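Take a look at the model below. Then read on for a short tour of its parts.

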Protein chains: 2
Amino acid sequence: MTKYVYMFKEGNQTMRNLLGGKGANLGEMTSLGLPVPPGFTVTTEACIDYYKRGKEIAPEIIEQIYQALAETEKLGGKRFGDVTNPFLVSVRSGARASMPGMMDTILNLGLTDESVQGLAKLTGKTRFAYDSYRRFIQMFSDVVMGIDKENYEELLEEMKEKKNVELDTELDDDDMVELVRQFKEKYLELKGEPFPQDPREQLIEAITAVFRSWDNPRANYYRRMNHIPYDWGTAVNVQAMVFGNMGEDSGTGVAFTRNPSDGTKELYGEYLFNAQGEDVVAGIRTPKPIAELKNDNPRLYNEFVELSSTLEKHYRDMQDMEFTIEKGKLYMLQTRNGKRTAQAALKIAIDLVEEGVLSKKEAVLKVEPSQLDALLHPQFDSEALKNASLIATGLNASPGAATGRAVFNAERARELKDQDGIPVILVRQETSPEDIEGMAVANGILTSRGGMTSHAAVVARGMGKCCVAGAGSVKVSEAKKQFVVDGKVFNEGDWISLDGSTGKVYGERIQTVDATVSGDFEKLMNWADEFRALGVRANADNERDATVAYNYGAQGIGLCRTEHMFFEGDRISAVREMIVANTLEEREKALAKLLPMQRDDFISLYKAMKGHPVTVRYLDPPLHEFLPTEESDIVALAKEMGLKADVLRQTIDGLHESNPMLGHRGVRLSVTYPEIARMQTQAVIEAAIAVTKDGLKVVPEIMIPLVGEVKELKYIKDVVVETADAIIKESGIELPYHVGTMIEVPRAALLADEVAKEAEFFSFGTNDLTQMTFGFSRDDAGTFLPEYYEKKIFENDPFAHVDEKGVGKLMKMATELGQKTRPDIKLGICGEHGGDPKSVEFCHDIGLTYVSCSPFRVPIARLAAAHANIKKPRN
Amino acid sequence: MTKYVYMFKEGNQTMRNLLGGKGANLGEMTSLGLPVPPGFTVTTEACIDYYKRGKEIAPEIIEQIYQALAETEKLGGKRFGDVTNPFLVSVRSGARASMPGMMDTILNLGLTDESVQGLAKLTGKTRFAYDSYRRFIQMFSDVVMGIDKENYEELLEEMKEKKNVELDTELDDDDMVELVRQFKEKYLELKGEPFPQDPREQLIEAITAVFRSWDNPRANYYRRMNHIPYDWGTAVNVQAMVFGNMGEDSGTGVAFTRNPSDGTKELYGEYLFNAQGEDVVAGIRTPKPIAELKNDNPRLYNEFVELSSTLEKHYRDMQDMEFTIEKGKLYMLQTRNGKRTAQAALKIAIDLVEEGVLSKKEAVLKVEPSQLDALLHPQFDSEALKNASLIATGLNASPGAATGRAVFNAERARELKDQDGIPVILVRQETSPEDIEGMAVANGILTSRGGMTSHAAVVARGMGKCCVAGAGSVKVSEAKKQFVVDGKVFNEGDWISLDGSTGKVYGERIQTVDATVSGDFEKLMNWADEFRALGVRANADNERDATVAYNYGAQGIGLCRTEHMFFEGDRISAVREMIVANTLEEREKALAKLLPMQRDDFISLYKAMKGHPVTVRYLDPPLHEFLPTEESDIVALAKEMGLKADVLRQTIDGLHESNPMLGHRGVRLSVTYPEIARMQTQAVIEAAIAVTKDGLKVVPEIMIPLVGEVKELKYIKDVVVETADAIIKESGIELPYHVGTMIEVPRAALLADEVAKEAEFFSFGTNDLTQMTFGFSRDDAGTFLPEYYEKKIFENDPFAHVDEKGVGKLMKMATELGQKTRPDIKLGICGEHGGDPKSVEFCHDIGLTYVSCSPFRVPIARLAAAHANIKKPRN
């Protein structure tokens, strides 16, 4: 028979998967001989079984619970329902991974009309006993029975009014007894049956409720955000209650072994005598700093300090502990590795190494890669944030905090910012390449449409700029220069604030504090570099981004999107001239104008990267993206180009595509217009020769996008090589260069052995690969993906984390096939996934050479790569 | 050393790959002892080598050619350049597969200033000799040197004018001698060097020219249409010339062993005494029917009859022969299996079985599946077609011939056809579901945009209606009700004609002849059925199509696209009501209106299929396809629905997608609106119960489209099963049914083992699978695919024939993974490829259970399936 219930003394910290984090730690503390109130854990497997049976606890599991309960009673020397010495328990969730506040908890379970009298007698506190009973009825109703607690709060308010008092604490014994009577009456009225008087019945209902809460929307959302699989299930911990409110020799508190904000080595926390946890939370009384316990009760303080130290040493990490003192006896209710700020995480990791507790390798694992974001971007002042008015929530598309005046187009953003120095937030339905300059001057970007890989999101991450994307409830009217959210109108110039790390939008100005990178950061990143096997490059299209990337430790550029260079100033005119050209000659003339600009771009990129490799992706987007769509813009452009508006409109109509994502773009453009590839090759190679002459060594990598068939790569590679070799020969300089391809079309992955005959390197373009493998576009998926999460069809956004099963299978195939043809093939990834720690780990595991990500995610990728290699070292 | 040149006597018909068809047959005839002028074949491998070397013939191959030439001279007893008995040769291409007229031929090679005198002396015909020389110079200039033959035609015209004659034949000896002089002068002028006087140099140049012609645009196009790989190369046959124009005891002719039009067993052909092939082609003299040879020269006739009979028996197929009589001696210049009409193919195959020459299995192989098209669709009267004016060429999207008056919208099509019985051709830029009724009444459909799987093409093939799609040069203005092609305007009511089998568009009325299906057809199809392993079903959405399919032998419906049922009459109103519904209740109300109509549809489908399985695919296209896009239509619809136009426009805008192909469609609709799946299930099951009560056995198959993840299939399957089981239980009837899925998203193929846990059958949706695997949409690929063909990146349209390497790899994976989970899983294909013989063969090879195709392609698929199983029998 499967064992579904474990006494605490049977558990230990290695049993986390079965007992959950809390259960495993309670077991560990019990085994260590620490003072832990007795109890038991119902396993995660019981939860899985519960769901498998259609939400029912199997009779054999109930049987095991009852047995454990009996043993717990024996251990505590108390009995459920005992009138003289009643036994009460808490029932708490505890999953493998911490999900604070996401699931339900029930305290004081076991109180009945009889045992409440025992509690009153035992403690000599009628008011306390009935107050506990009242709270239990309310909590049980709410959590277990789904009865709104408002029903009870009303009765409490009426009583206070009647007695003409303001605080609960001012109610006396009789008032509480009366309230309990009223609460039970209300329960009967709403449920149609009396409040259960059998503690065992209460217990099974409560455990069921905790299992059920695994599936509440809050928990589902949290899991999705934190990649916690639905099928893990939660354990349930049933523990004897101890009371911190039995007089001045009782109390309760929480403490950290180190300061969780800055990492300082000091006991940090607070406590309150004669109180239960709830009193602290309710804010009725103000708790005292833990340091004061030293004066209040030196014995207890010393005992707690010793316990803390034991726990930190045992767990080799900063601990977050809950304790209760019942009549002078200290009980540990919980310990866990404490949450901490990024700054504290760095300091603690480094201090623990210096204290000889951790090795460098272990220290590197103590800092979560995703935490680094907070160090690299401005954040809201935490005090200022407290009272801020949240108006909407979108996708946390690019981290950091921003505050500024709302503007609705790029031009106005520039005017306000450049001329008057006014901070602005650019608000758009969705952004397009024409908005780039506006995005560059804005403090943040807010869009109402688009997902994690929409234009706004990708560009903002590249710029290291805060962005909240796809905030659907924000109705943007660019024409009226306003947005409406929940009926409230925001006009141009109104202050708003964005938190790109959480996706929150606030309707006011909020102070921000700048990013700060300490010496600890450098130290830890250097350690991380010692342990990683995966290279880290950056996606950068200009000198500014490349410099940021270089400073953050990028070992090269993995993706330079040349089209981003095509939108600025005079360039866009030349690009448009090229597009409307009717003959090869006209097109070449326009391209000739672009050549010197592209060459200069590459020179500055090479210089910024100081000799590290630079991968240049050739023109990728469909040409219509470079042309206007609005009638007035078309007329203006036609005039500028000396064309009839009709003719220009015809060109634009001719470029229209039903599914531009699947249209005339990428390598297909080069096949149709090899002269574009020729110009880009000339620019790449001439720039490399120029910097080589200046003494910088550079190996350009030319990357052809959207290849699905080796012959199309071959066709363009021939053009590239012919052009490049002629220039190199003429220069008289030795210049190695490589030609490779993106793997972003499923067919290229399937036939990677053939593609590798021509490609000297692969770079996985996982944005497109994800779109084509799933058959949905990132721009449109927003309309149905929420239903997919709700219905648990998807647990993760495949555009945020590589879909390892499907897309990952193609990546593995391509990797193996590519290596079969060309054993030393260089393998990278340059999709947005390259900066996602979970995806970085996957890339390490399948053997890629490097990942490439936005400059501001480079440190995250470096740390994630170190984690991956520490967990699963490469041979 | 590789042997690159074979004497005819060294070859035989098994060496087709190396010697080409013509070379192998010349070898075979020589071996049989038939009178074949001596010669040799330069192999296809030599051609491949030629391209590999950058278009150069290797010295060793030239050496082998010279050796074979010497041997040929010996065999013929003549010598190159001999002034008394000159040796002349023909140089002809000959690929593995016949490519008639696609490559170049040169006759009379070996003529020089000296040998022409020899020829004149030998034949006693100066005029003939110099005329031959003149033609050779012209042909050599054109084919070998790329000099336009107009240059020479001009000189000929001048000469005729000067001599005041009309026909070439009226020029005398001296005129011809003079013309040769002028031709050589012209050659010198244009080439800068004299006409080559060394026959060996002429020969190598000519062989080079034939190799080169393998790569001409005509040949490339022909290969693409006929799936002949580019890398096969062509062989070249060099053969001693014999002359049919040496007097009345000489002649030339062509003949078939059976009538190629209707298959009658009779010698069929024509001949001409004292003539060369060219004279026949030029139409200067009218050849006589072969039967007359019996009177003209009984000896030769009998000899030829005997040879013909020998050849037919030897090859066990109807032969197409060329012969020449030189001074009373009969020479066979070529034999091959003769091209024949579909009708003749059937008759010959069946007759040969009855004559005991072929087995049934062999007879089945003698009819090409694609030929059957001609039997199933109307064709142009071949006489009427001869002088028709071709105005444009598009894609041969749906076969058959049609003639009618041009109309530009569905409504007008109905008016003219229904009210006045006037035959119409519907001309549109592209069609949409709203055009269906217009398409149904039209004789044919012409579109200027869209590919082989565009809406027009798919629907037309389903209706068995002629369609020419994507005729880019036809500029359609639906507003002006006209189209313009090459500056010529066609207005509503003007007669036009379409050939959907060739893609040709004619600017006039052309008589058509109806399709005729003979008893031979039935007989051969029955034989085919005996040999095939693959099932054949049809794609049909209504009773009419289903009945056609059933009559053509479909063994079930493999794809019923339910959305096609949603456009007719009242239904579209209910569908639109459903789309604009704001609440579940409103949506269910609208669905309730659709239910009885859907149920009736299914009842009639089940009845039409008489108990064969019917696969119903649930709603697939994005909802916006059911709503209008034109402002005026929106206003009208809003009025009809009692909505504000603004509100409706907002709904329509809200449904807008950047890439609808990758948007909210297929199973995604069902996940968002499970009530649609519920209604469709109710209709499918209730209809099945109704016909079951009427005594018909039916097993409905419910097919969920666009699945990419097993959990989304499971989600909907649960809805389907719950709904279906409740209805079945209530009915008290036993009704088996199956739930399966399309495999059309790459991810589903990659994870088919998981998908098969829920799917009871797979049906490959190769249209979408091709789009997503290649990453291009069929609607947009038209802009760049032509360049891909031209640059030989693609040799085939992947939407017409399954891309076996890429898409096929996914299909194979999915097949194997699916069978791993569910060994008896039913595997079908319902993409457009299901009716393409080449793709059917592939489906057989990878082990599918059935193919499903348009009703009119069912016989083609049956025959193709038989071919596949005969070639590679299934265990």
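By what turn and shift can chain A be laid on chain B? A turn of 180° and a shift of 0.0 Å along the axis do the job, with an RMSD of 0.2 Å. The two copies are thus related as by a two-fold rotation axis. Here copies are superposed by least squares on the C-alpha atoms of residues with pLDDT of at least 70 in both. Of the residues of chain A, N659(A) comes closest to the rotation axis, at 2.2 Å (C-alpha).

This is a predicted model: local features need pLDDT of at least 70, side-chain atom pairs count only at pLDDT 80 or more, and totals for chains, interfaces and linings use all residues. Residues are numbered from 1 along each chain as its sequence is written, chains are lettered from A and ligands numbered from 1 in the order in which they are written, and side-chain values use heavy atoms, with hydrogens and water left out.

**Where the chains meet**

In chain A, 47 residues are in contact (heavy atoms within 4.5 Å) with 47 residues of chain B. The chains bury about 4400 Å² between them, 57% of it on carbon and sulfur atoms. Buried area is the accessible area (1.4 Å probe) that two parts lose on being put together, summed over both. L662(A), R747(A) and I793(A) supply 14% of the area that chain A buries against chain B, more than any other three residues.

**A barrel and a helix**

Helices (H or I, at least four residues) and strands (E, at least two) are DSSP runs, numbered from the N terminus. In chain B, eight strands close into a barrel, in the order β24-β25-β26-β27-β28-β29-β30-β31, with parallel pairing. Two strands pair if DSSP finds at least two bridges between them. Four bridges join β27(B) to β28(B). Across this pair, I702(B) stands opposite V739(B).

Helix α27 of chain A covers residues 674–693. Of its 20 residues, 15 are buried (under 20% relative accessible area, 1.4 Å probe, protein chains only). After α27(A) comes G695(A), with a positive phi near 95°.

**Two unusual loop residues**

Most residues other than glycine have a negative phi. What is the phi of N164(A)? The table gives the value, beside that of K481(B). Exposed means over 50% relative accessible area, and partly exposed lies between 20% and 50%.

| Residue | Phi | Loop between | Relative accessible area |
|---|---|---|---|
| N164(A) | near 55° | α6 and α7 of chain A | 70%, exposed |
| K481(B) | about 55° | β18 and β19 of chain B | 32%, partly exposed |

Conventions:
Expected span 1.5 Å × (residues − 1).
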